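Biologist: I am new to this structure and would like to learn how each descriptive word is earned. Could we go through the terms one after another?

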Amino acid sequence: MTKLYDNVDHLDTNASATYTVETDVLVVGAGNAGMEAAAAAKEAGANTILIEKEKTINLMRVGLASVGSRAQKAAGVTINKQELVESLAAFAQHNVDQRLLETWADNSGATLDWLEEKVLKPHGAHLRAEADAMVTNKAYQAFPTENDPTFDDQSFTSYGDWFLEYQEEHGVDLRFETILVNLIKEAGRVTGALVKDLVKDEYYQIKAKKGVILTTGGYSANVELLKEWNPLSLKKNVYNDSPRSNGAGITSALNVGAIRDEEPAETIFDRGLVPVGKKTEDMYYQTATYDHWLWIGSYPFLKVNLLGERFANESVPYQFIVNAAAKEPGYLYAMIWDDDYAETLEKVHILGCARYGFPGYMKNKEAFIADTEQALPHTATGSWNTKKNMG
């Protein structure tokens, strides 16, 4: 018999609905995926309800990947779709559903064109295609898939409020502080959900005639599920910066017959700070911000295990160095650098959010120095090890 999971938000799954609302499509979770799904359903002529358990949408990630967006074409960025899909599959040792990769590769360009045209341009913004993939080693093949929302090609701009305006103007029924209790299955298909209005403290049912779309994210904020499904991640990680991701959508789906991947996967970055003397099993803190991050941790300075031994190539991708550290004492490592590290920053070519300058989250070298200095105590007894957090 399939295991039934308790509601991870501790809601009454047997509560009686005080009333019923009917719609064509129900979307659960207002992040990038949920906002896009709701807009697409509405444009296709479906009455659409989008529910979100928090008070706000969640658009934390602003770098958006695609193949063949208008921004990429304008920038002269050309990506061989077949090579990209095969590279991603090979990177995961084909432990993926390659058809999903192909679906993304076939449709991502048009999706971002829609976002740029409908949400960004009416407010004077656009997408900037990042052309730099800096392939220097076949083992770490990369493709320039990144598109960044910007006004000036020099900094990111947030588009969450604009997307909300679009939903409101086009009649998407977006309900905040409305939480999924369980999915309703009838005659072999999911037909809706029991939800709770957290403000009114009442349960009601949403019937979705055409279907339910789950865009609720993972379970990195649920330690009990991590222990059950991915215990190694608790040894490899010290912070979780996705407090919304408690696995509610996954467990609700499993309870009505969905199939979960047997082998877990995580996204781990190499920027977490661990106080000296702390054990990783004592460290799994939830944060909605970048508290206790060390952005410079992603740079290839000397990294040694707790015995003072170098154990891996410091220039490998973020995830790789954390995997290597999982084979070391305490799953931890220390990073060592000189006082002239700021000059070294200028000599090292970094891609992604850890770089300084745009696209990156540190606008210049001075910002990087300030971030590093404020994060590190200047006493011998207050030193830190570096590791990372799950994103």
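Modeller: Let us start with pairing: two strands pair if DSSP finds at least two bridges between them, and the elements themselves are DSSP runs, helices being H or I of at least four residues and strands E of at least two, numbered from the N terminus. This is a predicted model, in which local features need pLDDT of at least 70 and side-chain atom pairs count only at pLDDT 80 or more, while totals for chains, interfaces and linings use all residues. Residues are numbered from 1 along each chain as its sequence is written, and side-chain values use heavy atoms, with hydrogens and water left out.

Biologist: What makes β4 and β5 a pair, and in which sense do they run?

Modeller: They are joined over 4 bridges in the antiparallel sense, and the rule asks for at least two. Within this part of the structure, L127 stands opposite P149 in β5.

Biologist: How do you know that β3 belongs with β5 as well?

Modeller: β3 and strand β5 (residues 146-150) run antiparallel and are joined by 2 bridges, which meets the requirement of at least two. One bridge partner in β5 is E146, which stands with A65. The outcome is an open sheet of 3 strands in the order β3-β5-β4, with antiparallel pairing, and β3 (64-65) and β4 are called edge strands because each pairs on one side only.

Biologist: Why is N246 called buried?

Modeller: A residue is buried under 20% relative accessible area, exposed over 50% and partly exposed in between, using a 1.4 Å probe and protein chains only. N246 has 11% relative accessibility, so it counts as buried. N246 is placed in the loop between β10 (239-240) and α8 (248-255), and D241 is found in the loop between β10 and α8 too; D241, with a relative accessible area of 2%, is likewise buried.

Biologist: What makes the approach of N246 to K53 a polar contact?

Modeller: A polar contact is a pair of N or O atoms within 3.5 Å; within protein, one must be able to donate a hydrogen and the other to accept it, and residues adjacent in sequence count only if both atoms are side-chain atoms. The side chains of N246 and K53 meet at 3.2 Å, and the side chain of N246 also reaches the backbone nitrogen of A248 at 3.1 Å. For D241 and S242, the polar contact is between their side chains, at 3.3 Å, as the rule for adjacent residues demands.

Biologist: How do you know that K236 is buried, and what does its side chain meet?

Modeller: K236 lies in helix α7 (residues 231-236) and has a relative accessible area of 5%, so it is buried. Its side chain makes a polar contact with the side chain of N323 at 2.7 Å.

Biologist: Why is α8 described as largely enclosed?

Modeller: Of the 8 residues of α8, 6 are buried, so the helix is largely enclosed by the rest of the structure. The buried residues are A248, G249, T251, S252, A253 and L254, and they pack against β7 (178-186), β9 (202-214) and α6 (223-229), where contact means heavy atoms within 4.5 Å.

Biologist: Why are α4 and α5 called roughly perpendicular?

Modeller: Angles under 35 degrees count as roughly parallel, over 145 as roughly antiparallel, 65 to 115 as roughly perpendicular and the rest as oblique. The angle between α4 and α5 is about 85 degrees, with their axes 9 Å apart, and they are therefore roughly perpendicular. Such axes are lines fitted to C-alpha atoms, for helices over the stretch in contact, and angles run from 0 to 180 degrees between N-to-C directions. W114, L115, K118, V119 and L120 of α4 make the contact with W162, F163 and Y166 of α5.

Biologist: What makes a group of residues a nonpolar core?

Modeller: It is a set of buried Ala, Val, Leu, Ile, Met, Phe, Trp, Tyr and Cys residues joined through side-chain atoms within 4.5 Å. The largest one has 38 residues, and those that touch the most other members are M35, L50, W114, L115, V119, Y159 and F163. With 7 residues, α4 gives the most to this core. Apart from it lies another core of 18 residues, including L273, Y299, F301 and M362.
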